Amino acid sequence: MVNDTISDMLTRIRNANLAKHQIVQLPSTQMTHNIVRILKEEGFIYEFEEITNKFRKYLLISLKYKGNHKQPIITSLKRISKPGLRVYANHKEIPRVLNGIGIAIISTSRGVMTDKTARHHGLGGEVLCYIW
């Protein structure tokens, strides 16, 4: 049983990138599904698919690499708000990741979105993670 599904997801993606795997499988929850959807929209992954088993739901993620040397598109993933220490920011305090090169994923009252979208809508919320 995993308590922090977001950290588990980020760790699985990080490990697969380091091992240069093409596909990652992770347990599907509503939160991980929303984060993976944002990763696809922002161009960090190729595709994702939800697989339903008899007992569980899984997400299959196809990772993206550049060049012949298989350099991963995702350089780093960092969990910000943890179960033991939640981090919140209003729309004026939402952080910029590497001056806009990376993204911060924010959980707002209107759903999970990137820092740019949250700033545009004037929403604050819980800062889940940074990805660049």
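Let's start where two helices touch: Thr5, Ile6, Met9 and Ile13 in H1 meet Met31, Thr32, Ile35, Val36 and Leu39 in H2. Sorted by class, this contact of H1 with H2 has seven nonpolar, two polar and no charged residues. Keep in mind that you're looking at a predicted model. Besides the helices, there's an open sheet of three strands.

**How the helices cross**
- When two helices pack, people describe them by the angle between their axes and the distance between the axes.
- Here, the axes of H1 (residues 5-18) and H2 (residues 30-41) come within 9 Å and cross at roughly 40°.
- That angle makes H1 oblique to H2.
- As for handedness, H1 passes H2 in a right-handed crossing.

**The sheet**
- Reading across the sheet, the strand order is E1-E3-E2, and the pairing is antiparallel.
- E1 (23-27) and E2 (45-52) stand at the edges with a single partner strand each, so one side of each has no neighbour in the sheet.
- From one strand to the next, the twist averages 20°.
- E2 pairs with E3 (residues 57-63) in the antiparallel sense, over seven bridges.
- If you want a spot to look at, find Glu47, which stands opposite Ser62 in E3.

**Helices on the sheet**
- H1 packs on the sheet and touches E1 and E3.
- The direction of H1 makes about 165° with that of E1.
- H2 lies across E1, E2 and E3, and runs at about 155° to E2.

Methods:
Residues are numbered from 1 along each chain as its sequence is written. This is a predicted model: local features need pLDDT of at least 70, side-chain atom pairs count only at pLDDT 80 or more; totals for chains, interfaces and linings use all residues. Side-chain values use heavy atoms; hydrogens and water are left out. Axes are lines fitted to C-alpha atoms, for helices over the stretch in contact, and angles run from 0 to 180 degrees between N-to-C directions. Helices (H or I, at least four residues) and strands (E, at least two) are DSSP runs, numbered from the N terminus. Angles under 35 degrees count as roughly parallel, over 145 as roughly antiparallel, 65 to 115 as roughly perpendicular and the rest as oblique. A crossing is left-handed if the near helix is turned anticlockwise from the far one by less than a right angle, and right-handed if clockwise. Contact means heavy atoms within 4.5 Å. Ala, Val, Leu, Ile, Met, Phe, Trp, Tyr, Cys and Pro count as nonpolar, Asp, Glu, Lys and Arg as charged, and the others, Gly among them, as polar. Two strands pair if DSSP finds at least two bridges between them.
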